[in-house]
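Work through the exercises below with the coordinates open. Each task is followed by a solution in steps.

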Amino acid sequence: MIIASSLAGLFAAAFIAATIVPFQSEIIFVALQVAGRVEIWQLVLVASIANTLGAVVNYAIGIGITRFESKRWFPATPAQMAKAERWFQRWGVWILLVSWAPAGDVVTVVAGVLRTPLWMFLLLVGVAKTSRYIVLAFVTAQVVG
């Protein structure tokens, strides 16, 4: 029961953290790792899947957001949208490999706006998110012992 609830909490935290909602899952991940009640591979797997699925929410927002560009309340100006698109096109889909970083939410939304193929999005974001949690687990193990 403890393992299931721990993983469910981590899933929720990692999912929310990947969306445009400001939240961090690393604290929960590290706390669970240090507690030692859940296998590290389970933590990495659950956090990676949840964080990737959360990024898909951003991707979907990007797909649908362009229909609202003409609205007065739209959060970005046409110039800002054009700048984001140019930035993404300059670096190509490979920029999704930094989707784990704090500005990664913007990158995943722009990927949706530009209709990046979903399979490519999932592959690159999945690699990025999983790599981040593997590094976090390794660093935590080195620091905590």
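**Exercise 1. The surroundings of α6**

Which elements are included in what covers the buried residues of α6?

Solution. The model is a predicted one.
Step 1: list the buried residues of α6, which are Met120, Phe121, Leu124, Val125, Gly126, Ala128, Lys129, Arg132, Tyr133, Leu136, Ala137 and Thr140.
Step 2: look for what covers them; this includes α1, α2, α3 and α5 (104-113).
Step 3: check the span of the helix. α6 has 27 residues and extends 38 Å from first to last C-alpha, close to the expected 39 Å at 1.5 Å a residue.
Step 4: go past the end of the helix, where Gly145 follows with a positive phi near 100 degrees.

**Exercise 2. Aromatic pairs**

Find the aromatic pairs in the whole structure and classify the one formed by Phe11 and Phe15.

Solution.
Step 1: the search returns three pairs.
Step 2: for Phe11 and Phe15, the ring centres are 6.4 Å apart and the planes differ by 15 degrees. Planes under 30 degrees apart count as stacked, so this pair is stacked.
Step 3: place the two residues. Both belong to helix α1 (residues 2-18) and are four residues apart, about one turn of the helix.
Step 4: assign exposure. Phe11 is partly exposed at a relative accessible area of 32%, and Phe15 is partly exposed at 27%.
Step 5: turn to Phe29 and Tyr133, a tilted pair with 5.2 Å between centres and 35 degrees between planes. Phe29 is in helix α2 (residues 26-35) and Tyr133 in helix α6 (residues 118-144), so the pair ties together parts 104 residues apart in sequence.
Step 6: assign exposure again. Phe29 is buried, with a relative accessible area of 0%, and for Tyr133, also buried, the value is 0%.
Step 7: inspect the face of the Tyr133 ring, over which Arg132 lies at 4.4 Å from the ring centre.

**Exercise 3. Nonpolar cores**

Which residues have the most contacts inside the largest nonpolar core?

Solution.
Step 1: the core has 14 residues, and the most contacts inside it belong to Leu10, Phe29, Leu43, Ala47 and Tyr133.
Step 2: assign the core to elements. Two or more residues come from each of α1, α2, α3 (40-65) and α6, and α3 gives the most, with five.
Step 3: expand Leu10. Leaving out residues up to four places away in sequence, Leu10 touches Ser25, Ile28, Phe29, Leu32, Leu43, Val46 and Ala47.
Step 4: apart from the largest core lies another, of 13 residues, including Ala55, Ala84, Phe121 and Val125.

Technical notes:
Residues are numbered from 1 along each chain as its sequence is written. This is a predicted model: local features need pLDDT of at least 70, side-chain atom pairs count only at pLDDT 80 or more; totals for chains, interfaces and linings use all residues. Side-chain values use heavy atoms; hydrogens and water are left out. Rings of Phe, Tyr and Trp (its six-membered ring) pair if their centres lie within 6.5 Å; planes under 30 degrees apart count as stacked, over 60 as edge-to-face and the rest as tilted. Buried means under 20% relative accessible area, exposed over 50%, partly exposed in between (1.4 Å probe, protein chains only). A charge sits over a ring if NZ of Lys or CZ of Arg is within 6 Å of the ring centre and within 35 degrees of the ring normal. A nonpolar core is a set of buried Ala, Val, Leu, Ile, Met, Phe, Trp, Tyr and Cys residues joined through side-chain atoms within 4.5 Å. Contact means heavy atoms within 4.5 Å. The expected span of a helix is 1.5 Å times one less than its number of residues.
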